[in-house]
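User: Please take a close look at one spot in the backbone, and then walk me through its surroundings. I am a first-year student, and short sentences would help.

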Amino acid sequence: MHADTIRWPAPAKLNLFLYITGQRADGYHELQTLFQFIDRCDYLTITANTSNHITISPELADVALENNLIYKAAMLLKAHTNCTLGAHIVLEKNLPMGGGLGGGSSDAATTLVALNYHWDLNLSEQTLSELGVSLGADVPIFIYGKAAIAEGVGEKLTAVTPTESHYLIATPNCHISTPAVFKNPDLKRDTKKQSHHELMTNKWTNDCEPCVKKHYPEVANTIDWLLEYAPTRMTGTGACIFSTFEQPHQAELLAQKTPTWLACFTAQGLNNSPLRELISTKNNT
């Protein structure tokens with residue numbers, strides 16, 4: 001057991017494009033999407049112990065402990081390995097919940113990766129991903145830790161190196177249910193599959209965006225306002241919106257102009273996750 005206290009990052013992600021290429025008989029949608037991380041993170045400060053219990057502070061408002069993805073990830077790992085160790089986890093929550101930035105999935109992935117280290121379980125990245133996908137379809141990309149095109153239902157990952165642009169990320173004041181978006185009859189589900197070369201060179205869009213804009217005026221108003229200044233798209237199924245810039249000062253200038261009704265922050269794209277970089281350092285020491 002590694003008993004030292006470590007502060008682990010759980011980075012956000014953007015979907016730089018998102019195409020829905022079909023729907024399977026089991027109801028899941030076939031996708032082609034490009035994941036890139038950003039340097040905005042939740043943080044999990046973890047101390048392993050011999051208590052056989054998982055404790056988390058602070059408690060998340062309106063989320064029971066057994067529904068907390070951090071707790072679920074830890075208990076899943078314990079059950080899979082019959083591990084009798086425990087841990088205390090302190091969460092710094094910086095990412096909005098339900099915003100399309102993957103915060104909950106990233107927290108779960110960081111829990112799996114970090115406890116695999118603290119508890120000396122030596123599970124492979126592949127095994128951790130197979131466990132993680134039961135917690136959320138986006139968990140494997142955070143374990144993988146590299147910018148990637150995801151295909152299938154999101155499980156087929158191919159590493160790529162998109163430009164590490166600077167972003168202004170806006171968070172409209174609404175919560176969007178991902179299952180509701182994918183069940184919506186207005187959703188476009190028949191985008192033609194493209195080669196990786198086509199995906200990386202063609203103009204990028206998000207098939208969920210028209211449907212979400214139609215049903216959530218807060219999203220539509222945010223996109224319309226930001227498009228006056230820079231290329232702008234929704235990430236995932238929303239509600240977060242990102243505008244793309246070549247230089248950080250351009251994003252900062254727009255952040256200063258945003259109207260009072262719109263919360264936002266600036267970030268840089270990262271093709272290597274800070275979680276992956278930290279675990280690589282730990283494993284090499």
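Analyst: **From one exposed residue to the packed rings**

Asn122 counts as exposed because its relative accessibility is 68%. The scale has three steps: buried is under 20% relative accessible area, exposed is over 50%, and partly exposed is in between, with a 1.4 Å probe and protein chains only. Keep in mind that this is a predicted model, where local features need pLDDT of at least 70, side-chain atom pairs count only at pLDDT 80 or more, and totals for chains, interfaces and linings use all residues. Residues are numbered from 1 along each chain as its sequence is written, and side-chain values use heavy atoms, leaving out hydrogens and water.

Now the backbone. Asn122 has a phi near 60 degrees, a positive value in a residue other than glycine. Most residues other than glycine have a negative phi, and most peptide bonds are trans. Asn122 is in the loop between α2 and α3 (125-132). Such labels come from DSSP runs: helices are H or I with at least four residues, strands are E with at least two, and the numbering starts at the N terminus.

Asn82 also has a positive phi, near 55 degrees. Its loop runs between α1 and β4 (86-92). Asn82 counts as exposed because its relative accessibility is 66%.

Look next at the helices beside these loops. Helix α1 covers residues 69-81 and helix α2 covers residues 103-118; their axes come within 8 Å and cross at roughly 35 degrees. The axes are lines fitted to C-alpha atoms, for helices over the stretch in contact, and the angles run from 0 to 180 degrees between N-to-C directions. The crossing of α1 past α2 is right-handed. That is, the near helix is turned clockwise from the far one; left-handed would be anticlockwise by less than a right angle.

Which residues make the contact? From α1 come Leu69, Ile70, Ala73, Ala74 and Leu77. From α2 come Gly104, Ser105, Asp107, Ala108, Thr111, Leu112, Leu115 and Asn116. Contact here means heavy atoms within 4.5 Å. Sorted by class, the contact has 8 nonpolar, 4 polar and 1 charged residues. Ala, Val, Leu, Ile, Met, Phe, Trp, Tyr, Cys and Pro count as nonpolar; Asp, Glu, Lys and Arg count as charged; the others, Gly among them, count as polar.

Back to the backbone, this time to its peptide bonds. Ser57 and Pro58 are joined by a cis bond, with omega about -10 degrees. Pro58 is in the loop between β3 (54-57) and α1. Gly238 and Ala239 are joined by a cis bond too, with omega near 10 degrees. Ala239 is in the loop between β8 (232-234) and β9.

Strand β9 leads on to the aromatic rings. How many aromatic pairs does the structure hold? It holds 6. Rings of Phe, Tyr and Trp (its six-membered ring) pair if their centres lie within 6.5 Å; planes under 30 degrees apart are stacked, over 60 edge-to-face, and the rest tilted. Phe17 and Tyr19 are stacked, because their ring centres are 5.1 Å apart and their planes lie at 15 degrees. Phe17 is buried, at 0% relative accessible area. Tyr19 is buried as well, at 4%.

Tyr167 and Phe242 form an edge-to-face pair, with 5.7 Å centre to centre and 90 degrees between the planes. This pair links distant parts of the chain: Tyr167 is in strand β7 (residues 166-171), Phe242 is in strand β9 (residues 241-245), and they are 75 residues apart. Both Tyr167 and Phe242 are buried. There is also a cluster: Phe17, Tyr19 and Trp204 form one aromatic group.

Charges meet rings too. The charged end of Arg7 sits over the ring of Tyr43, 3.7 Å from its centre. Arg40 lies over the face of Phe265, 4.1 Å from the ring centre. The test is that NZ of Lys or CZ of Arg is within 6 Å of the ring centre and within 35 degrees of the ring normal.

One last stop is Thr47, in strand β2 (residues 29-49). Thr47 is partly exposed, with a relative accessible area of 27%. Leaving aside neighbours within four places in sequence, Thr47 is in contact with Ala3, Thr5, Ala87 and His88.
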